[in-house]
Amino acid sequence: IPHSENWKNEYIHPLKSKEAAAIETELLRDYRFGQQQLIEIWGQACAIAITKAYPLSSLTKKQPTVLVICGPDQNGSIGLVCARHLRMFEYEPTIYHPKRSSHSLHQDFTVQCEKMDIPFLSYLPTEVQLINDAYNLVIDAMLGPEADCANIKEPYSGILVTLKQIKIPIASVDVPSGWDVEEQSQDGINPEVLISLTAPKKCAVSFTGKHFLAGRFLPYDIQKKYELNLPDFPGTDCLIEL
């Protein structure tokens with residue numbers, strides 16, 4: 001299994017944004033996966049990646065608090081599912097979800113979190129120290145591969161300013177918010193952990209932190225067609241550290 005730097009050269013084919021979108025369309029249209037099903041698979045795998053990167057026993061604060069920042073699109077829904085599973089794993093997630101989608105699917109995921117008594121913040125403190133003191137880490141499920149990183153609007157541009165200043169670790173889902181899918185950002189946020197979904201995106205090639213590939217469900221024909229060369233997952237695990 002490739003570790004750290006090797007994966008870039010030897011095995012995995014990193015995805016451009018068009019390829020990632022095409023794979024998802026094919027999964028939904030030809031393979032009859034449901035959108036809710038995919039989001040659930042990815043969100044649960046993200047939560048498991050968090051438990052590997054930040055086990056409960058390693059957290060330094062009294063309470064195992066985690067702040068999950070969710071965007072308006074699919075990445076935000078994955079964040080909601082991730083938060084719900086972290087709650088089942090005995091973490092204490094809090095969700096900040098500034099712009100809720102009107103899509104019934106996103107609303108379902110929101111209600112599921114509310115029914116688990118997961119608190120939702122009404123605003124994100126601009127006082128960075130408050131965030132550092134209250135949480136062990138931040139999960140960035142804000143702007144996914146579909147976001148236009150050259151044109152980030154409020155409230156997300158403001159949240160990114162705050163995230164660049166915090167001292168606690170950030171774990172990003174699929175693409176660090178504000179990064180271009182095709183290349184690493186020079187002045188973007190600097191996550192400690194990246195959880196790639198389906199396959200790493202092109203921008204992940206230069207990522208130097210802890211990197212997980214999550215979600216072990218991709219039909220073999222799709223893997224072949226896109227020449228993904230995914231690594232062998234260990235045992236029955238649904239994720240692998242690259």
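Which residues of α7 are buried? In this predicted model they are Tyr156, Ile159, Leu160, Thr162 and Leu163, where buried means under 20% relative accessible area, exposed over 50%, and partly exposed in between, with a 1.4 Å probe and protein chains only. They cover an arc of only 160° around the axis, which puts them on the same side of α7; the arc is that of the directions from the helix axis to the C-beta atoms.

The model is predicted, and local features need pLDDT of at least 70, side-chain atom pairs count only at pLDDT 80 or more, and totals for chains, interfaces and linings use all residues. Residues are numbered from 1 along each chain as its sequence is written, and side-chain values use heavy atoms, with hydrogens and water left out.

## Helices α7 and α5

Helices (H or I, at least four residues) and strands (E, at least two) are DSSP runs, numbered from the N terminus. The buried residues of α7 (156–165) pack against β1 (65–70), β2, α6 (128–134), β4 and β5 (170–173). Contact here means heavy atoms within 4.5 Å.

Helix α5 covers residues 104–115, and at 1.5 Å a residue its twelve residues should span 16 Å, which agrees with the 16 Å between its end C-alpha atoms. The expected span is 1.5 Å times one less than the number of residues in the helix. Leu105, His106, Phe109, Thr110 and Cys113 are the buried residues of α5. They cover an arc of only 140° around the axis, which puts them on the same side of α5. The cover over these buried residues includes α3 (35–53), α4 (74–88), β2 (92–96) and β3 (120–121).

## Strand β2 and Tyr96

Tyr96 has its place in strand β2. This tyrosine counts as buried, at 8% relative accessibility. Leaving aside neighbours within four places in sequence, Tyr96 is in contact with Leu67, Val68, Ile69, Cys70, Leu121, Ser122, Tyr123, Leu124 and Ile159. Ile159 is also one of the buried residues of α7. Tyr96 and Leu67 are 29 residues apart in sequence, and their C-alpha atoms are 7.3 Å apart in space.

## Cysteines

A disulfide is a covalent bond between the sulfur atoms of two cysteines. Here the term is applied to a pair of cysteine sulfur atoms within 2.5 Å. By that criterion the structure holds zero disulfides. Cys70 is in no disulfide, and the nearest cysteine sulfur, that of Cys113, is 7.4 Å away. Cys70 is buried, with a relative accessible area of 0%. The sulfur of Cys149 lies 9.4 Å from the closest cysteine sulfur, in Cys203, which is too far for a bond. Cys149 counts as partly exposed, at 28% relative accessibility.

## Backbone features

Two residues with positive phi are set out below.

| Residue | Phi | Location | Relative accessibility |
|---|---|---|---|
| Arg32 | near 60° | loop between α2 and α3 | 71%, exposed |
| Asp117 | near 60° | loop between α5 and β3 | 66%, exposed |

Arg32 is a residue other than glycine, and so is Asp117. Asp117 comes just after α5. Elsewhere in the backbone, a cis peptide bond joins Glu154 and Pro155, with omega at about 0°. Pro155 belongs to the loop between β4 (137–141) and α7.

## Pocket and cavity

The search for open and enclosed space runs on a 1 Å grid over the protein atoms alone: a cavity is a set of points where a 1.4 Å probe fits but cannot get out, a pocket is an open set with protein on both sides within 12 Å along at least five of seven lines, and lining residues have an atom within 4 Å of a point. Grid points are joined across faces, edges and corners, and a volume is the space filled by probe spheres set on the points.

The largest pocket holds about 310 Å³ of space. Of the 17 residues that line this pocket, the closest to its centre are Ala20, Glu24, Gln74, Pro145 and Glu146. Both α2 (17–29) and α4 supply at least two residues each to the lining, and α2 gives the most, with six residues.

The count comes to one cavity of 30 Å³ or more. The largest cavity holds about 40 Å³ of space. Its lining consists of Leu143, Gly144, Ala147, Cys149, Ile152, Val175, Pro176, Ser177, Gly178 and Trp179.
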